[in-house]
Amino acid sequence: MTPDELKAHRASYPSRAQVRETPPDPAVRALLDLAAEKGISTVFDRFDKQKNHCGHGLTGVCCRICHMGPCQVTPRAPRGACGADADVIVARNILRWMAGAVAAHGARGREVILALKAAAEGRLDQPIRGVAKLNAVAKALGLFDEAKSVQTLAAEVADVLLDDMSRTVPGDHRTLRALAPPERIKVWEELDILPIGSQQEVFEALHRTGVGTDGDWRNLMKQFLRTGLAFSWSSVAGSAIAMDILYGLPQRSRIATNVGTLDPACVNIAVHGHSPVLVSAIVEAADAPDIQEQAKAAGATGIKFYGICCSGLSALYRHGDVHPLANAVGAELVLATGAIDLWVADLQDVYPGIMDVAECFHTKVVTTSDSARLPGAIAMGFDHRHANIGETRAMARKIVEMAIANQPLRNAANVHIPPVTAEAEIGFSVENIGEAFGGPAALLDALKSGAIRGIVNLVGCNNPKIPYEVAISRVTDILLAHDVLVLTNGCASFPLLKQGYCTTGALDKGGDGLRQELGERNLPPVLHMGECLDNARASGLFRILADAAGRPIKDMPFAFSSPEWSNEKGVGASLSFRLLGLNSYHCIPAPVTGSENVQRFFEHDTADILGGVMVVDNDPEALALRLITDLDTRRDQLGWPRPSARSTAP
Ligand code: SF4
């Protein structure tokens, strides 16, 4: 990035006032105004105060790895004190982000795998609901035997998933070997990037990025790819397998979304974060007749749950009746309603800023993980060793009782709920999408004919560097209008849930082909697949369709997009799909623009070795049109016809 480009990039960051003018969801504007009236600081206010952002950090050329620094590469000082140049510093920094991503998804996945093992061994009161998934995975891993009980098989699968995380003596990553497409395994083997185990690759990433270790940016990028595979196959796929075995597959259902669903007559509990283990038990605890009686005795008509970020989404599609309100960036706005009695904060994307807002109201915050505490919150959850995992149900019950006890302290005069709601259909999986089409062959036929031009997994988080939720909505509009089927999950899915994209009513936004193919099957044009770990469902759908076509995934008209991404897990998610040979599309550049070589590696070089590259354009419309052009290029190469352009521009 040249100095002029950097200046223009920083100048494009919206102010809080601009965010207030542009939200696609009217509730966001109302809540921003409400927060301003109450003197509540939000992520947008604090982001404004951070301007002008450091250009060295933005472009990735700030090194803080040793205390001879920090060193910043400039034309006057093109190398750090140790001699590291921009290529090495940028490559080391982004590799450390990738290691952080493996740890983030991996730690929450490990909690579920430990829960699966505990349930199988009878230490956790949790039925194993996904027996079909268990059998399928056990067969793929070579563990299946009809004589084995569900519990035995589940424990054995959990052990393999844990081994793939923690292997120290080099050996095969068994999940990857059993479940990855053979074409990809060959590609990764030839590149020598197969991981040993996820913890080992994080260990190695931190080792080789240490001072005076790996001084070759290309070799650092090789470990970046290897760590990306550990992210894909342990932190994401391994975690998703454990969740589906423990809790069963998602079920399609409808739910009312957005803050208008907050009910002042109920005990209101928000669940925020990423780990489903305690959250699932909390949602189930509220169904107990004596708990319901307690709520009524406290003067409430019932207990309602609301979803913030991914914990809410995973609880929703497994238990129903958890109303999605906001992604991580919008959490403070939900708290500003004053209507939440208890906020369950588990881990990741729970910003410390929520405590300042909660303290303005009666809202109690309960943290549930030893990894994630907040000063002022009540800590009630798993200890460092998960030694108390057997007490999950008892803790869940106590947390619900705390919410009931807190509800009478709510001050009605402090409650302001913008009356904005929308319906959404949720709970899509590889299995039920296949069923809706009567098998993958029919969906493949629609792709081949061009009725469905391509499929895009549109996900990721949000970032105040671009107007809140605008890019996600705009990219989706353009994709739908060009007959691209959209899959979504996680934080990016909230604007789509809240604006009705996840209902058949949104078929009006689609081109003729999409309207016909989905309309006759009563499917919405945006299929909601759950939380951010459910990227595994999107890649699973891509795999099934590619297999049906007899082609590798890299040849198919598929893509990944996280227009508003903002964190380490976002780097991992986009890399996962590039490792499969698909392009990833973003409105925000990664902090690699300080090195021409590393930037070129991301944006060009991986086309040859993997089949996919990173594409960045600050303009959502230009990004979406580039994505459509690239899908058409893939269609041309497959010999599949190009769909005609929609007659009316979106
Ligand atoms: Fe500076 Fe090298 Fe230390 Fe980084 S590792 S802070 S570039 S001396």
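**Exercise 1. Helix H26 and the residue after it**

Task: Determine which residue just after H26 takes a positive phi, and describe the course and surroundings of helix H26 (residues 596-609) in this predicted model.

Solution.
Step 1. Just after H26, Gly611 has a positive phi of about 105°.
Step 2. Turn to the helix itself. H26 contains 14 residues, and the distance from its first C-alpha to its last is 18 Å, close to the 20 Å expected at 1.5 Å a residue.
Step 3. Examine the axis. At Phe602, H26 bends by about 50°.
Step 4. List the buried positions. Phe602 is itself buried in H26, as are Asn597, Val598, Gln599, Phe601 and Thr606.
Step 5. Identify the cover. The elements over the buried residues of H26 include helices H6 (86-120), H12 (217-247) and H25 (568-579), together with strand S16 (614-616).
Step 6. Add the ring contacts. Phe601 and Phe602 belong to one aromatic cluster with Trp217 and Phe224.

**Exercise 2. An aromatic pair**

Task: State how many aromatic pairs a search of the whole structure finds, and classify the pair formed by Phe542 and Phe558 as stacked or edge-to-face.

Solution.
Step 1. The search of the whole structure yields ten aromatic pairs.
Step 2. Recall what must be read from the model. A pair of aromatic rings is described by the distance of the centres and the angle of the planes.
Step 3. For Phe542 and Phe558, the centres are 4.4 Å apart and the planes make an angle of 10°. Planes under 30 degrees apart count as stacked, so the pair of Phe542 and Phe558 is stacked.
Step 4. Locate the partners. Phe542 is part of helix H24 (residues 535-549) and Phe558 is part of strand S14 (residues 558-561), so their pairing ties together parts that are 16 residues apart in sequence.
Step 5. Check the accessibility. Both Phe542 and Phe558 are buried.

**Exercise 3. Strand S8 and its partners**

Task: Explain why strand S8 (residues 364-369) is described as largely enclosed, and name the strands that bridges join to S8.

Solution.
Step 1. Five of the six residues of S8 are buried, and the strand is therefore largely enclosed by the rest of the structure.
Step 2. Strand S7 (residues 342-345) runs parallel to S8, and four bridges join the two. Within this pairing, Leu342 has Lys364 of S8 as its bridge partner.
Step 3. Strand S9 (residues 378-382) also runs parallel to S8, with three bridges between them. Here Thr367 has Ala379 of S9 as its bridge partner.

**Exercise 4. Unusual backbone geometry**

Task: Identify the peptide bonds that are cis at Asn52 and Pro70, and state what is notable about phi at Cys309 and Glu469.

Solution.
Step 1. Begin with the general expectation. Most residues other than glycine have a negative phi, and most peptide bonds are trans.
Step 2. The bond from Lys51 to Asn52 is cis, with omega near -5°. Asn52 is placed in the loop between helix H4 (43-50) and helix H5 (55-59).
Step 3. Gly69 and Pro70 are likewise joined by a cis peptide bond, with omega about 10°. Pro70 lies in the loop between strand S1 (62-63) and strand S2 (71-72).
Step 4. Cys309 has a positive phi, near 60°, although it is not a glycine. Cys309 belongs to helix H15 (residues 309-319) and is buried, at 0% relative accessibility.
Step 5. Glu469 also has a positive phi, near 65°, in a residue other than glycine. Glu469 is in the loop between strand S11 (454-458) and helix H21 (470-481), and with a relative accessible area of 1% it is buried.

**Exercise 5. Two residue environments**

Task: Decide whether Ser429 is buried or exposed, and which residues Ala442 touches beyond four places in sequence.

Solution.
Step 1. Ser429 is located in the loop between strand S10 (422-426) and helix H19 (430-436).
Step 2. The relative accessible area of Ser429 is 1%, so Ser429 is buried.
Step 3. Apart from neighbours within four places in sequence, Ser429 contacts Pro250, Met529 and Arg537.
Step 4. Ala442 sits in helix H20 (residues 440-449). Buried means under 20% relative accessible area; Ala442, at 23% relative accessibility, therefore counts as partly exposed.
Step 5. With residues up to four places away left out, Ala442 touches Phe437 and Arg521.
Step 6. Ala442 and Glu517 stand 75 residues apart in sequence, while their C-alpha atoms are 9.7 Å apart in space.

Technical notes:
Residues are numbered from 1 along each chain as its sequence is written. This is a predicted model: local features need pLDDT of at least 70, side-chain atom pairs count only at pLDDT 80 or more; totals for chains, interfaces and linings use all residues. Side-chain values use heavy atoms; hydrogens and water are left out. Buried means under 20% relative accessible area, exposed over 50%, partly exposed in between (1.4 Å probe, protein chains only). Contact means heavy atoms within 4.5 Å. Rings of Phe, Tyr and Trp (its six-membered ring) pair if their centres lie within 6.5 Å; planes under 30 degrees apart count as stacked, over 60 as edge-to-face and the rest as tilted. Two strands pair if DSSP finds at least two bridges between them. The expected span of a helix is 1.5 Å times one less than its number of residues. The bend at a residue is the angle between axes fitted to the seven residues ending there and the seven starting there.
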